[in-house]
Amino acid sequence: MNIHEYQAKEIFRQYGVPVPRGGVAFSGPEARRVAEELGGNLWVVKAQIHAGGRGKAGGVKLARSLDEVEKIAEEMLGMILVTHQTGPEGKKVEKVYIEEGADIQKEYYLGMVLDRSSEMPVMMASTEGGMEIEEVAAKTPEKIIKVAIDPTIGFQGFHGRKLAFGLGLAKEEIRPFIKFAEALYNVYMDKDANLIEINPLIKTGSGEFLALDAKMGFDDNALFKHPDIAEMRDLSEEDPVEVEAAKYGLSYVNLDGNVGCMVNGAGLAMATMDIIKHEGGEPANFLDVGGGANPETVAKGFELILQDENVKSIFVNIFGGIVRCDRIANGILQATKQVEVNVPVVVRLDGTNAEEAAEILKNANIKNIIPATDLADGARKAVAAAKGEL
Amino acid sequence: MSILVNKDTKVIVQGFTGKEGTFHSEQCIEYGTQIVGGVTPGKGGQTHLGRPVFNTVKEAVDATGATVSMIFVPPAFTADAVMEAADAGIELAVIITEGAPVKDMMYAKMYATKKGMKTIGPNCPGIITAEECKIGIMPGFIFKKGPVGLISKSGTLTYEASNQVVKEGLGITTAVGIGGDPIIGLSYKQLLPMFEADPETEAIVMIGEIGGTLEIEAAEFIKQNITKPVVAFIAGQTAPKGKRMGHAGAIISGGKGTAQEKMDALRAAGVHVVESPADIGKTVAKALGK
Ligand SMILES: Nc1ncnc2c1ncn2[C@@H]1O[C@H](COP(=O)(O)OP(=O)(O)OP(=O)(O)O)[C@@H](O)[C@H]1O
Ligand SMILES: [Mg+2]
């Protein structure tokens with residue numbers, strides 16, 4: 001689960017990770033009030049969306065007067081922001097964060113993530129902070145300093161020194177930097193985060209380190225330990241169809257093609273998308289109905305798939321294990337009675353009691369249900385059906 | 001022969017008396033697995049499925065001589081269960097539970113490694129040595145005995161692959177579902193040499209997925225150490241690049257992790273990489289000259 005910058009900065013404050021003062025606003029006048037309370041004569045208005053790259057896309061703007069704060073906030077609220085991380089459809093800005101303008105002397109990058117190879121959290125820092133960090137990582141990886149931190153010993157001075165000296169910090173900057181990094185490590189571990197990113201981390205004119213940006217993601221499996229974090233979930237940032245699917249224990253992702261897919265198991269679901277493409281078609285979605293595949297989940301699956309008007313055929317690909325294929329076949333028949341399915345449905349059931357299942361589907365004799373014998377046969381038929389060739 | 005488990009392996013079940021634990025333990029017993037007892041704290045002294053229940057893993061190990069534990073304990077307590085198994089001298093823990101926090105599993109795996117306990121999973125179908133020993137939730141009958149070793153991140157794709165192999169008139173020595181969580185136990189790199197050393201295994205099927213770099217590391221390992229034919233499929237060739245929030249993931253993996261990169265690395269290591277998941281069985285048969 002991801003959260004907004006303003007929420008991440010709130011958590012940072014609790015852990016003593018220094019951030020500029022700021023407040024969230026939902027309207028122009030509210031933005032003005034927040035700025036007035038902050039005082040000063042330079043503010044930054046920042047669009048709050050779950051994606052990076054806002055600066056380059058016009059989602060981060062400086063304001064030099066209260067009138068300007070209000071005007072910029074009004075323009076930003078409601079706009080669709082398209083950045084390189086939102087996908088072409090962009091994200092609607094529902095709230096803005098008003099922050100005091102910082103006196104930036106130098107921008108750094110500081111991030112934390114789980115390193116799957118060492119199976120430890122790793123902290124990464126670079127002097128090339130700012131909006132081009134991915135390019136830096138790709139072209140000059142040596143400019144990124146990484147330290148894996150063994151959680152059984154926790155954050156030690158040497159971890160901090162390795163980063164600080166790697167960044168070429170001056171003598172008097174080393175202690176405050178290490179303090180900053182240690183606080184960040186504590187946030188990451190305490191809150192079961194899976195991502196923290198501060199880009200940029202800045203050094204101010206008065207020699208302080210401040211987190212100007214804050215991105216945080218959490219391990220969904222650990223949210224039960226952190227009701228305060230779970231409460232920060234912003235459903236408006238998520239695809240409503242995916243949220244609806246999750247309520248039924250289904251995992252759905254919408255795609256651009258026209259062959260709908262209903263599969264049990266994430267691996268087989270991905271493999272099904274692959275084989276549809278391999279056979280010359282385009283998958284319309286990823287849908288994992290899980291191990292159960294009962295009439296209710298199958299019916300819900302059909303509903304989700306058919307919400308997408310591009311869908312011209314559906315490929316049901318289920319490998320029956322503990323749940324027997326004959327029961328799944330009956331489930332499919334029942335589901336087609338509950339939901340009006342007006343496109344051809346190619347059904348491939350394999351595994352336990354596959355023959356009985358094939359009999360059931362054949363005997364039901366429903367016009368738009370087309371049985372398939374195996375994975376390749378099913379994919380071919382589904383692709384042909386989508387092209388109107390079946 | 002086989003790897004890791006066989007008809008003589010003595011297995012206990014942690015979370016034995018729960019709904020999942022009961023259902024799947026029954027299936028395993030039916031398959032022929034030597035389930036010699038189980039652990040449910042507070043239910044020690046009872047009998048369940050005709051087997052003794054213990055309060056602690058240590059008691060279970062002392063009384064039964066079990067060396068393997070199958071874990072069905074709920075996510076919030078999974079890491080604790082894994083560490084208890086390691087502390088009691090269990091040699092292999094097969095962790096079926098889905099949804100355990102990553103941080104918990106990170107600590108659990110470190111402790112297991114320190115104690116010399118191997119782990120499989122979490123969030124996996126388990127391990128099966130065909131017609132001898134099933135420790136997990138896979139449908140047993142799909143796994144007919146034969147010369148092919150199987151390692152897979154995905155559950156249903158394991159069944160799919162085994163089914164295709166069997167349809168070619170071949171079969172499986174041992175199949176291991178390693179799971180796809182960020183922290184997992186035994187992976188390709190540890191399992192490949194076991195299959196290489198197993199005299200009954202003549203070919204190895206490896207099923208991977210997008211994300212992480214385990215398959216890339218496996219490719220490097222295969223090039224140096226594996227002489228038996230390896231057939232691989234990587235799921236997610238057409239998966240769209242997920243919407244991301246930060247850059248850290250991209251930075252840490254250094255751009256590795258796409259299906260294409262994994263397939264290229266495996267091909268360069270001499271692996272028979274199939275583009276279509278329907279070609280796994282055929283390709284194994286061909287590699288074995290059958
Ligand atoms: N409080 C502030 N005071 C001064 N400048 C700021 C402030 N907040 C942000 N900026 C400037 O705006 C730029 C972009 O803002 P920020 O990094 O928060 O968003 P982003 O573009 O979404 O980040 P990324 O490119 O890392 O995804 C920063 O690099 C910084 O130069
Ligand atoms: Mg930034």
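A residue is called buried here when its relative accessible area is under 20%, exposed when it is over 50%, and partly exposed in between, with a 1.4 Å probe and protein chains only. By that criterion B:Thr174 is buried, with a relative accessible area of 0%. The structure is a predicted model, in which local features need pLDDT of at least 70, side-chain atom pairs count only at pLDDT 80 or more, and totals for chains, interfaces and linings use all residues. Residues are numbered from 1 along each chain as its sequence is written, chains are lettered from A and ligands numbered from 1 in the order in which they are written, and side-chain values use heavy atoms, with hydrogens and water left out.

The confidence scores come next. The model has an ipTM of 0.90 and a pTM of 0.92. The pLDDT, the predictor's confidence in each residue on a scale from 0 to 100, averages 93 over chain B, where 94% of the residues score at least 70. Where pLDDT is low, the predicted coordinates should not be read in detail.

Chain A contains 13 helices and 18 strands; helices (H or I, at least four residues) and strands (E, at least two) are DSSP runs numbered from the N terminus. The C-alpha trace of chain A spans about 80 × 50 × 40 Å along its principal axes, and 56% of its 390 residues are buried. Helix α1 of chain A, residues 5-14, is largely enclosed by the rest of the structure, because 7 of its 10 residues are buried. Among these buried residues are A:Tyr6, A:Ile11 and A:Phe12, together with the charged A:Glu5 and A:Lys9. Just after this helix, A:Gly16 adopts a positive phi of about 75°.

Ligand 1 lies between chains A and B. Its surroundings comprise 20 residues, of which A:Lys46, A:Gly53, A:Gly55, A:Glu99 and A:Glu107 come nearest; a residue is near a molecule or strand if one of its heavy atoms lies within 4 Å of it. In chain A, strands β2 (43-47), β6 (96-100), β7 (104-115) and β10 each supply at least two residues of this shell. The shell divides into 7 nonpolar, 6 polar and 7 charged residues, where Ala, Val, Leu, Ile, Met, Phe, Trp, Tyr, Cys and Pro count as nonpolar, Asp, Glu, Lys and Arg as charged, and the others, Gly among them, as polar.

Several polar contacts (pairs of N or O atoms within 3.5 Å; within protein, one must be able to donate a hydrogen and the other to accept it, and residues adjacent in sequence count only if both atoms are side-chain atoms) involve ligand 1. Polar backbone atoms of A:Gly53 and A:Arg54 lie 2.6 Å and 2.8 Å, respectively, from an oxygen atom of the ligand. From the side chain of A:Lys215, a polar atom lies 3.2 Å from an oxygen atom of ligand 1. Taken alone, ligand 1 exposes 620 Å², and the protein buries 92% of that; accessible areas come from the Shrake-Rupley method with a 1.4 Å probe, and for residues only the protein chains shown count as cover.

Which residues coordinate the magnesium ion, ligand 2? They are A:Asn199, through O, and A:Asp213, through OD, at 2.0 to 2.3 Å. Donors are N, O and S atoms within 2.8 Å of the metal (3.2 Å for Na, K and Ca), and the site may look incomplete because water is not among the atoms. The pair links distant parts of the chain, 14 residues apart: A:Asn199 is in strand β10 (residues 193-204) of chain A, and A:Asp213 is in the loop between β11 (209-211) and β12 (215-218). A:Asn199 is buried at 9% relative accessible area, as is A:Asp213 at 7%. A:Asn199 is also joined to A:Pro200 by a cis peptide bond, with omega about 15°.

In chain B, B:Thr174 belongs to strand β11 (residues 172-177), and its side chain reaches the backbone nitrogen of B:Ile3 at 3.1 Å. B:Cys133, in strand β9 (residues 133-136), is buried at 0% relative accessible area. Its C-alpha atom is 5.4 Å from that of B:Lys7, although the two residues are 126 apart along the chain.

The loop between β7 (118-120) and β8 (126-129) of chain B holds B:Pro122, which a cis peptide bond joins to B:Gly121, with omega about 10°. In that loop also lies B:Asn123, whose phi is near 55°, a positive value in a residue other than glycine. B:Asn123 is partly exposed at 28% relative accessibility.
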